[in-house]
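Dear colleague,

Please find below the structure that I am handing over to you, followed by an account of what was found in it. I would be grateful if you would read the two side by side.

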Amino acid sequence: MKNKGLIIVLTVFITILCLYYLSFTYVSLGVREEAISAATDANGVVDLSKKQKYLDSIWNLPVYDLFGAEYTYKEVKENELSLGLDLQGGMHVTLEVSPIDIVKGLSANNKDSSFLKALTTARARQIRSEGNFSDLFLEAYRAENPGKGLTAVFANSTTKGRISSTDDDNKVIQVINDEIENAIDRSFTILRNRLDQFGTSQPNIQRLPGTGRIQIEIPGADNPQRVRKLLQGVAKLEFWDVVEASTLNNSLLAINDVLVKEAKAIPFKTEDAIAKEGDLSTLLGDSVATQPDTAKSEASKGLDSLQNLNISPLFSLSTPPGTFRYGVSDTAKINAIFKRSDIRNLLPRTIGIFWANKPEKDQGGKEALELFFLDIRRDGKAKLDGTVITDARNDLDEFAQPAVSMTMNAMGTRVWAKWTAEASSKSPKGRIAIVLDNTVYSAPSVNGEIPNGNSQIAGNFTQEEAKDLANVLKAGSLPAPTRIVEEEIIGPTLGEVAKNQGIFSVVCGLALVVIFMVAYYGKGGAVANFSLIFNLFFILGILAQLDAALTLPGIAGIVLTMGMAVDANVIIYERIREELRRGKRLREAIDLGFKRSFWTIFDSNITTFLTALMLYIFGQGAVKGFAITLMVGIASTFFTAVYISHVVIEWMVAKKGDDSNVHFKTFMSSFVVSNVNFNFIAKRKFAYIFSGVFIGIGFLTIVLQGLNYGVDFKGGRAYVVTFYDPVDATELKNDLTENFEGAGTEVKNFGGNNIVKVVTSYIIDDEAEVADERVRSTLINGLEKSTGLTFVADDTKVDPKHFTISSSTKVGANVADDTKTASLQATLLSLLAIFLYILLRFRKWQFSAGAVLALAHDSSFVIAAFAIVGALGITFEIDQVFIAAILTVIGYSINDTVIIFDRIREYIGLGTSHERESIFNSAINSTLNRTIITSGTVLLVIISLLFFGGEGLRGFAFALLIGVGIGTYSSVFIAAPVVLDLERVQRPKVSQNLSTTRVAAKWSK
């Protein structure tokens, strides 16, 4: 084997990296166990609020020491393999920035009735179409104002310098589009800033390209109303005077005295004793009673007036002492001090306490967060706020360093000029703090009066930070409210159940594959299992490195990858057995087996990777997590099966050579017939008829009764409701339909007869914020009236008298339309990508066409199967997860097809053009064993998913079960025969055929 040393080194390197990243997950799990233990009462009940409080308290404290490098719990969480919302509970939200408000702002809030009607019309059309809002608005405006240009509305003081009265409509629309895009960027910046301060929930925020939407995930969020308020509230931008600490000496010394006296009143205790007590010293850290004299002398250097005094943590914890810059881990202790009413009373009423937006490194390289004292005035109102900012942009200062330039309106200009003149006249120069959402972004010194409302903020910015700050400043200039167009809330109990089911399905799938491989291939199977374990380890480690969340579909991806990993070994082992049957010696057979299997495995993995890539590009949420897992799994599978397995097998045969007892055959596999000679090509017409009839029946069923679309395809709201005892879904449906005023409502059991899923389109087009609460209240009232039970919000308190809503989902109509379009694009582009790749590898369009037609057949067969079983009363939803299954079927089905095509290409050189049918039959027969075994191993893990993966993966697993099975059938009876039939269209049919035996015999020579 070539490059064996490189493979070993690479394996060791990847292993070390995976161990490093997965170690954070191990530590995080330990911390969570400690939190659960601390929050569990004597009866074994876990108080979730106490658990969260415990985690919050150690958020910035070191919890992991790795070879001298300390990591805080926050850093551990950032590096761990995180779980998706469907596995731990939380909230998923998709926000849309309101384009109407942006356009109104550009028009200077024009009150023209025809203009306002055009906005309303455009918004109504956008809800039911995929059109761009500005284009729909232009169309509606022209209909309302024939012959009248947009400049009549938009050429005003707000757009001065950007739109003039002579501009055409296209120029105005371009300005509108740019402003909408900028507003989305600014909203993204503001929301990200808010979420960064949300706590230990590891929120994730990203823009959805080309949609004008922002997607947010907050694991563990247990207060949806608070999250909605956080995400939809208006950003608060304010300007305040900075009060220097030196002017507050008397107040700060008084606070110091109070803290020192309290600390001295506490007798000396060990750290363990202090930790067990909830007293002040626990909050404030080391006090004077336990500090060495050197700490006192060092602390006194911060302020001259504090020399020879006892120092409290307010000063000693700052770095350097007395500078009011604190390590991130100490901020909670300082907050605890200033939250005390007796401490606040020692400060002037007009003093507010604010933290800097981000920590900066001190001379020792430690990160420290600055504490600011701001003059919040008696009325608590800022002299200036974000409403005065008309423009802000990233710029360069006089030293060519990143800075931010800003412009104010007339009122702001007057106040700003007077304010800056006063600040610059002070000695030392006054500072003005720029505060967003109660954190200080910048607090520059003012060197002189700033007239004309133009100003520049210089600081220790990077180019990106300057751009972000400019976005933040500009956020107040143009209101851009956000509205929730998609929302999903999953309770922690439901997430825990899904996680346990997912883990159990992985274990069962792994066990089935391990047992089969050893039973069928003996020691060769043991090597395959060894590489499979490595594969799983690599997948989890790489996912942690990529900061990817593991979702329930992601677990399905891991289970599926196990089957695919074994597939690669089966292809290799069957080829080795083939070479052994031809009389090759063991070592030579192994080398040839790996060599001749390489491109077959490579081709099949590339085609599957292409479909996963399309799923990643067009998928959302948990489905995107599945795509990432699948792509990582494909890469890891190729490396472990092709290279690690080869290294291990070579090592096993190195000492004894051909006399080694390494074997690839067992008592079980000896009963399998190897030399099958079946005329598949002759039976292709029967296959065409069977497939055509089945698919025809399925599509006729779709025409008559339709498909059972999920909410992410049709829009609406869905709720998973959990009861203690079994309930009658049909009776609930009748009662709820009445409550929902006849709107389309579905109620069905969901994973158990005590759990139901309610889907309704009730007031789905109502975009008001109160609509969500109205639907939820209507549902709860209807369920209480129908069952006589009482609703409880805590899903851990369900009993015979109470029920709860375990999860809820809302999808707006326009989001549903976009999802359907993206799904169709992903499917078509996957087929196109496979067509082009097969064309590149096999150099004939007939092979590409045969492969794509077989894949289209497989997809249609699965859809038809869903329709037919739906007509029989077994319903599965058609949603994003179903599309993931279809693309997985496409990616997997092509594997078997590529194996057969590869053997056909190999055989073609042995015969003339008149032998095509025999060549195709020989190729199919010679690869039949591996085709059946590879599909069989995957079906084993799919069955595990179907029975143990839970209700969330039931439809996914059923689609894969049908798809993989029918994909094997189509590779034999559809793909290869179609290639032959397409070739005959170009070439005159010749009756001469050589027997399969003759071709096989010729090959064996």
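I begin with one pair of charged residues. Glu-179 and Arg-162 form a salt bridge in which the closest N and O atoms are 2.7 Å apart. This pair connects distant parts of the chain, since Glu-179 lies in helix 9 whereas Arg-162 lies in the loop between helix 8 (151-154) and helix 9, and 17 residues separate them. The two partners differ in their surroundings: Glu-179 has a relative accessibility of 4% and therefore counts as buried, while Arg-162, at 33%, counts as partly exposed. Please bear in mind throughout that this is a predicted model.

Helix 9 also takes part in a second salt bridge. Here Arg-142 is paired with Asp-169, and their closest N and O atoms are 3.3 Å apart. Distant parts of the chain are again linked, with Arg-142 in helix 7 (residues 133-144) and Asp-169 in helix 9 (residues 169-196), 27 residues apart. In this pair the acidic residue, Asp-169, is buried, with a relative accessible area of 13%. Its partner Arg-142 is partly exposed, and the corresponding value is 43%.

A third salt bridge joins Asp-379 to Arg-377, with 3.9 Å between the closest N and O atoms. The cut-off for a salt bridge is 4 Å, so this pair is counted. Asp-379 is partly exposed at a relative accessible area of 48%, and Arg-377 is likewise partly exposed, at 30%.

Salt bridges also occur as a network. Eight residues may be located together in the viewer: Arg-575, Glu-578, Glu-579, Arg-582, Lys-584, Arg-596, Arg-903 and Glu-906 are linked in this way. In total, the structure holds 38 salt bridges.

I turn now to the chain as a whole. The protein chain has 1005 residues, of which 53% are buried. Its secondary structure comprises 35 helices and 22 strands. Among contacts between residues at least 6 apart in sequence, 73% join residues that are at least 24 apart. The accessible surface of the protein chain amounts to about 44900 Å², and carbon and sulfur atoms account for 57% of that area.

With kind regards

Conventions
Residues numbered from 1 in each chain as written. Predicted model: local features only at pLDDT ≥ 70, side-chain atom pairs only at ≥ 80, totals over all residues. Heavy atoms only, no water. Helix = DSSP H or I, 4+ residues; strand = E, 2+ residues; numbered from the N terminus. Buried < 20%, exposed > 50% of the residue type's maximum accessible area, 1.4 Å probe, protein only. Contact = heavy atoms within 4.5 Å. Areas by Shrake-Rupley, 256 points an atom, 1.4 Å probe, with all protein chains shown as cover. Salt bridge = Lys/Arg side-chain N within 4 Å of Asp/Glu carboxyl O.
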